[in-house]
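Hi everyone, thanks for coming. Have the viewer open while I talk, and please stop me whenever you like.

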Amino acid sequence: MNRKGELVSKNKKILLAVAVSILILFMGGKYLFAMAQKIGCSDDVIQRIEMKSGYVVKVHQTNCGATTDFGYKLTLTQHGKDEKEILSYGMLEGDSHIEVDVHNNQLNVTYSPATIVYSKGSKYKGVPIHFERKGGNVSVPESFENQRKSFDLEMADLFANSLIVYRNEEIPAGQVHYAVSEKGITSKAWNSNWLVIGAIEYTLPVFIHVNEKNSPVYIGQKEKNSSTWKEVKVASTYRDFQKALKLVDDPSGNRSFPEDVKTNPLPQKEIKHNLNAINKGNIDLSFWKDWMIGKSLPDKYME
C-alpha cells in the first residue's frame, strides 16, 4: 500500500472511531433522558375503555411535579398487542373526559371542550381514527397565526389584573364558558364570529373577529342580569395589542397585588406616556388607563 493509500485507510479508521463514539454518546444521552423522564414523572392509567373486536383504549395521566400541569395521552391496543399512542393532550381546565366507540370499522374519539390537543394519530392497523371535540372545533385564522411572534407576551400582570394570551393550540379549548359550555352546549349569547384568544382573571374574555385581517383585539362587556356580551375594542391590531401589553407589564415587578396600588402606584407621568403610545385608532383607551391605575377590569366590564 502506498503512502496515499495508508493515509486514506488511517483517515477512514479515525472517522469510523469518531462516528462510533458520537453514536454511543447520542444513544447514551437518549437513554439517560428517558430514564430521567421515568424517574421524574409518574404515568398512571386513570381510565380503561374496552370495546368490541378486542380494542382497548387507556387514558394515561402524567405528572412531572408540582410546577407542571397534568399531561394526558391515549393508547390503543387490540387483544393486548401492539399498543400505540393515538392522542397527546392537556386540559385548559377541569378533568379529562374521553368517550370512545367503534362503528363501521372506524374508531371514534370524543373529548371535552377544554381539551388542548398536542398531537393525534390518524390510523391504527389500517383502521381510521376520527377525533371530535364536544361542542365542535374552531380553527385559528392563518392571518392571526402569522402575526404571532416567539417573543410575544403570554401573560401580563399589573395590580388587580392578570391577562393570559392563549397559545394557538390552546385557543380551541379557550372557547369554553363563552362560545360553548363546559359540556359542549353552544351559547346563543356569543357571536359566532368572535374567537377567544385569552382571558382576564379567567373570567373576562379577550377575542378577535375571525374575518378581520389585522386582528383588532376586543374584550367582552356584560351588563348586570344580562347573558349577552358586547364588544369593546382595546387595540386596532394584534401587534398593537402586544405593544400595549408590554407597556403595562414592564413596571409590574413589584406591583403584582391590588394593595400595591396604594404603596407603589404607577407615576402619572408614566401612565400618560403609556397612554399616548397606546392611543392608536378608534379604541377604548379607558381600558388601559383603568388597568394602570389598579381598577378591577372584571368588575368594570361585568357589572
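First, some vocabulary: helices (H or I, at least four residues) and strands (E, at least two) are DSSP runs, numbered from the N terminus, and two strands pair if DSSP finds at least two bridges between them. Residues are numbered from 1 along each chain as its sequence is written. This is a predicted model, where local features need pLDDT of at least 70, side-chain atom pairs count only at pLDDT 80 or more, and totals for chains, interfaces and linings use all residues, while side-chain values use heavy atoms and leave out hydrogens and water.

Let's look at a pair of strands. S13 (residues 204-209) pairs with S14 (residues 217-222) in the antiparallel sense, over 2 bridges. Phe-207 stands opposite Tyr-218 in S14.

Now zoom out. Those strands belong to an open sheet of 6 strands with antiparallel pairing, in the order S10-S11-S12-S13-S14-S15. At the edges sit S10 (155-158) and S15 (229-235), each pairing on one side only.

What packs on this sheet? Helix H3 (residues 238-249) does, touching strands including S11 (161-165) and S12 (194-200); contact means heavy atoms within 4.5 Å.

Next, over to Ser-88, which lies in strand S4 (residues 81-91). Is Ser-88 buried or exposed? Ser-88 is buried, because its relative accessible area is 17%, and buried means under 20%, exposed over 50%, partly exposed in between (1.4 Å probe, protein chains only). Beyond neighbours within four places in sequence, Ser-88 is in contact with residues including Tyr-72, Ile-116 and Tyr-118.

Technical notes
Axes fitted to C-alpha atoms, helices over the stretch in contact; angles between N-to-C directions.
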